[in-house]
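Got the viewer open? Here is a short tour that tells you what to select at each stop and what you should find there.

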Amino acid sequence: MSDTRRLDIAPLSEWGMFTEPRPSVIAGPCSAESEEQLMETARELKEFGINVFRAGIWKPRTHPGSFEGVGAPGLKWMQRVKHELGLKISTEVANEKHVSECLKYGVDMVWIGARTTANPFLVQEIADALKDTGIPVLVKNPVNPDLDLWVGALERLNRAGIRKLGVIHRGFSTAEKIRYRNNPEWQIAIELRSRYPHLPFFCDPSHLAGSREYIMEVSQRALDLGLDGLMVESHCNPSCALSDAGQQLEPRQLREMLYNGLAVRDADCDSPQWKDNINQLRTKIDIIDENLLYMLGSRMKISRQIGEYKRDHNIAILQTSRWDAVLAKVIEKGREYELGEDFLKTVFNAIHEASVEVQDDVLSDKSQD
Ligand code: PEP
Ligand code: MN
């Protein structure tokens, strides 16, 4: 099982890329468009302390014929950013050829894009090409909300000996109309974070939000969850950008967000007073969790009894009108406790599903007699 496999990860402090303090920031345009655009953007970013620069050289576009990146010549401009301005440079790679071009031009870090993470053949090809290079790799989540696919990509890279390995959460494709371009599904990021607490973890608020106006709120959420850093698209003149024009910040807007907008929280605190208080609160939570388990177990026992009763009277398990009434009552009552409707629906539908399963078992026990 992938969740029990260990990853051997070098902490971000050993990557030689990011300087304290948190959050670690990678910034730069969606795409390299011209030498002037890259140099101008990089210069403005460097002015307020950004030291890791991003730019897409090969762009995976939905439609053929849209701007698909300048390709390898753009790496020469990136090299200029590195040598003249002293920034670390990073770009997206989607195959072995991209990796070998990056190696020629001294790219300091690469990332694997969302569409590529979803393809194990390509991830393996990239892992093999990067073997023994020591180049750090960030893996974006796959476009579909499949945590194992994401973890599988990390395992492939790690097995190739890549220890400077991290992830970028950029949200997941969705057919639903939502506030953002991609669905955050934060619970997937939280699950990955708890499986691998030492895995360097970035959020890409530009691709997640899809719109400048939401970059700040998404970034704040990422920091509140204790993520290590942000990859933000920034362009010296976003309105003229050849790709993702609506989700790039001007460098001065990025500076404003980083220095005057975002609240950076500490991951932990050494103060004994804080530890004492938090421990007391955690103990209360542990007790409540135990009570919840006891209550759920008791509820399930009664469900089983109801199942037996239904079986003995030859009644169907599911009475939807009864369940609709229960759910409506729960939602109404939940308001008193400030519990949201979506949350209650998720929890109670899961409880109901488990009850139906228990009753189903009761019935099938009978049919086996
Ligand atoms: C990008 O970072 O430019 C990019 C294409 O992102 P994603 O893979 O998240 O769509
Ligand atoms: Mn982009």
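Before counting anything, note how the elements are assigned: helices (H or I, at least four residues) and strands (E, at least two) are DSSP runs, numbered from the N terminus. On that basis the protein has 13 helices and 8 strands. Keep in mind as you click around that this is a predicted model.

**Stop 1: the whole chain**

Show the C-alpha trace first. Along the principal axes, the C-alpha atoms fill a box of roughly 80 × 50 × 40 Å. Now colour by domain: residues 2-261 make up domain 1, and residues 272-367 make up domain 2. Their C-alpha centres sit 41 Å apart.

Switch to a surface if you like. About 19,900 Å² is exposed, and carbon and sulfur atoms supply 51% of that. Of the 369 residues, 44% are buried. As for the contact map, take the contacts between residues at least 6 apart in sequence: 72% of them join residues at least 24 apart.

**Stop 2: ligand 1**

Select ligand 1 and expand to the residues around it. You should pick up Arg54, Lys59, Glu92, Trp111, Gly113, Ala114, Arg115, Lys140, Arg170, His207 and Glu233. What does this shell look like by class? It has 2 nonpolar, 2 polar and 7 charged residues.

Next, put some distances on the oxygen atoms of the ligand:

- Lys140: an N or O atom of its side chain is 2.7 Å from a ligand oxygen.
- Arg115: a polar side-chain atom lies 2.9 Å from a ligand oxygen.
- Ala114: here a backbone N or O atom lies 2.9 Å from a ligand oxygen.

How much of ligand 1 does the protein cover? On its own the ligand has 300 Å² of accessible area, and the protein covers 97% of that.

**Stop 3: Ser206**

Stay with Glu233 from the ligand shell and step over to Ser206, which touches Glu233. Ser206 is in helix H8, residues 205-209. Is Ser206 buried or exposed? Its relative accessible area is 0%, so it counts as buried. Draw a line from its side chain to the backbone oxygen of Gln247 and you'll read 3.2 Å. Leaving out residues up to four places away in sequence, Ser206 also touches Ser211, Ile215 and Val232, among others.

**Stop 4: Leu85**

Now select helix H2, residues 73-85, which is where Leu85 belongs. With a relative accessible area of 12%, Leu85 falls below the 20% limit and is therefore buried. Which residues does it contact, apart from its neighbours within four places in sequence? Met39, Ala42, Arg43, Lys46 and Arg80. Try the C-alpha distance from Leu85 to Ala42: the two are 43 residues apart in sequence, yet 7.7 Å apart in space.

**Stop 5: two loops with positive phi**

Finish with a pair of backbone angles. Most residues other than glycine have a negative phi. Asn314 is not a glycine, but has a positive phi of about 55°. Look for Asn314 in the loop between helix H11 (272-312) and helix H12 (320-336). At 72% relative accessibility, Asn314 counts as exposed.

Then go to the loop between H12 and helix H13 (341-368), where you'll find Glu338. Its phi is near 60°, again positive in a residue other than glycine. Glu338 is exposed as well, with a relative accessible area of 74%.

Methods: Residues numbered from 1 in each chain as written. Chains lettered and ligands numbered in written order. Predicted model: local features only at pLDDT ≥ 70, side-chain atom pairs only at ≥ 80, totals over all residues. Heavy atoms only, no water. Near = heavy atom within 4 Å. Polar contact = N/O pair within 3.5 Å; in protein donor to acceptor, adjacent residues only side chain to side chain. Areas by Shrake-Rupley, 256 points an atom, 1.4 Å probe, with all protein chains shown as cover. Nonpolar A, V, L, I, M, F, W, Y, C, P; charged D, E, K, R; others polar. Domains from an automatic or database assignment. Buried < 20%, exposed > 50% of the residue type's maximum accessible area, 1.4 Å probe, protein only. Contact = heavy atoms within 4.5 Å.
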